[in-house]
Amino acid sequence: MSNHNNTPIFPDSYIGDNSLEYENSIWMERNQKKATLICLQYLHDEELNTLGIVDNLNEKKCLIADLGCGTGFSSEILVENGHRVIGIDILMDMLSKAKIKKKFLKEEKDLELILADINYLPLKRSSIDHMISVSAYNFIIHGKNLAKDIFKTINNTSRYLKKVLKSNGRIIIEFYPKDEEELDSFISSFKDNGFDGFMVKKDPNQKSGQTFLLLKKR
Ligand SMILES: C[S@@+](CC[C@H](N)C(=O)[O-])C[C@H]1O[C@@H](n2cnc3c(N)ncnc32)[C@H](O)[C@@H]1O
């Protein structure tokens with residue numbers, strides 16, 4: 001399911017037998033759920049409250065888009081924490097497993113699943129309270145090799161995410177940028193397109209590795 005560095009390869013790591021292996025991996029489930037709980041915590045981050053228009057996030061039940069929801073580990077946690085969720089994934093092999101998981105949720109009606117590309121979300125303007133993305137966002141540039149294409153894709157996407165979010169909407173992204181340059185490009189794409197925010201790294205000395213972006217619509 002991964003290459004020799006344990007780095008997932010898109011889409012190979014998430015199709016056919018590899019999607020089954022992903023779904024059945026206890027390690028993967030634990031990691032995705034742990035990262036999602038951290039994202040939920042960051043959604044209410046105090047420093048984020050003080051950025052831009054000062055506000056204090058106190059809504060209880062929010063509509064959250066889970067970008068790159070995979071087999072639904074993250075979406076499940078969001079629903080169990082009292083939110084309504086739209087899970088979006090580009091691969092049917094992954095989404096079909098999330099659909100099965102949905103049937104076992106106590107609040108089944110609170111999870112909607114859509115087969116779509118994060119870069120072209122079929123969502124209405126100002127319709128979503130907040131977004132999270134766990135271990136998926138760096139894949140939005142899959143297949144783009146030229147710097148200008150990468151730049152165009154990430155900027156168009158962050159601009160569109162801003163349109164879809166309600167005012168004061170927040171996005172928490174947990175991802176694994178391949179290097180400092182890629183990380184800087186993603187951060188700039190948000191700052192240049194209407195978001196305030198900052199990043200948190202598990203290991204601040206590490207150039208790549210697990211990174212959280214905490215973003216708030218300006
Ligand atoms: C690590 S997995 C899913 C993690 C998810 N948090 C979970 O709980 O299972 C990453 C997912 O991102 C999805 N993905 C990659 N590029 C995408 C895109 N452009 N649009 C939507 N989903 C995408 C993949 O299909 C894959 O299911």
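**Helix packing, sheet order and ligand shell in a predicted model**

In this predicted model, helix 6 (residues 147-164) and helix 7 (residues 180-191) have axes that come within 8 Å of each other and cross at roughly 40 degrees. An angle from 65 to 115 degrees would count as roughly perpendicular and one under 35 degrees as roughly parallel, so helix 6 and helix 7 are oblique to each other. The crossing in which helix 6 passes helix 7 is right-handed. On the side of helix 6, the contact is made by Ile150, Phe151, Ile154, Asn155 and Ser158; helix 7 contributes Ser185, Phe186, Ser189 and Phe190. Sorted by class, this contact holds 5 nonpolar and 4 polar residues, with no charged residues.

A second pair of helices can be read in the same manner. Helix 2 (residues 26-43) packs with helix 4 at an angle of about 45 degrees, and their axes are 8 Å apart. Helix 2 is therefore oblique to helix 4. Here, too, a handedness can be given: helix 2 and helix 4 make a right-handed crossing. Looking along helix 2, the residues to find are Glu29, Gln32, Lys33, Thr36 and Leu37, which meet Phe73, Ser74, Ile77 and Leu78 in helix 4. The contact of helix 2 with helix 4 is made up of 4 nonpolar, 3 polar and 2 charged residues.

Helix 4 also leads to the ligand. There are 22 residues around the ligand, and those that come nearest are Gly68, Gly70, Phe73, Ala136 and Phe139. Two or more residues of this shell come from helix 4 (73-80), and two or more from strand 2 (84-89). Phe73 thus appears in two settings: Phe73 is among the residues of helix 4 that meet helix 2, and Phe73 is also one of the residues that come nearest to the ligand. By class, the shell around the ligand consists of 13 nonpolar, 7 polar and 2 charged residues.

Turning to the strands, 7 of them form an open sheet with mixed pairing, and their order is 3-2-1-4-5-7-6. At the edges are strand 3 (111-115) and strand 6 (195-201), each of which pairs on one side only. From one strand to the next, the twist averages 15 degrees. Within the sheet, strand 5 (residues 165-175) pairs with strand 7 (residues 211-217) in the antiparallel sense, over 6 bridges. Glu174, for instance, has Phe212 in strand 7 as its bridge partner.

Two details of the backbone complete the description. Phe10 and Pro11 are joined by a cis peptide bond, with omega about 0 degrees. Pro11 is placed in the segment before helix 1 (17-24). The other detail concerns Ser135, a residue other than glycine whose phi has a positive value, near 55 degrees. Ser135 can be found in the loop between strand 4 (128-134) and helix 6, and helix 6 is one of the two helices with which this description began.

Methods. Residues are numbered from 1 along each chain as its sequence is written. This is a predicted model: local features need pLDDT of at least 70, side-chain atom pairs count only at pLDDT 80 or more; totals for chains, interfaces and linings use all residues. Axes are lines fitted to C-alpha atoms, for helices over the stretch in contact, and angles run from 0 to 180 degrees between N-to-C directions. Helices (H or I, at least four residues) and strands (E, at least two) are DSSP runs, numbered from the N terminus. Angles under 35 degrees count as roughly parallel, over 145 as roughly antiparallel, 65 to 115 as roughly perpendicular and the rest as oblique. A crossing is left-handed if the near helix is turned anticlockwise from the far one by less than a right angle, and right-handed if clockwise. Two residues are in contact if their C-beta atoms, placed from the backbone, lie within 7 Å. Ala, Val, Leu, Ile, Met, Phe, Trp, Tyr, Cys and Pro count as nonpolar, Asp, Glu, Lys and Arg as charged, and the others, Gly among them, as polar. A residue is near a molecule or strand if its C-beta atom, placed from the backbone, lies within 6 Å of it. Two strands pair if DSSP finds at least two bridges between them.
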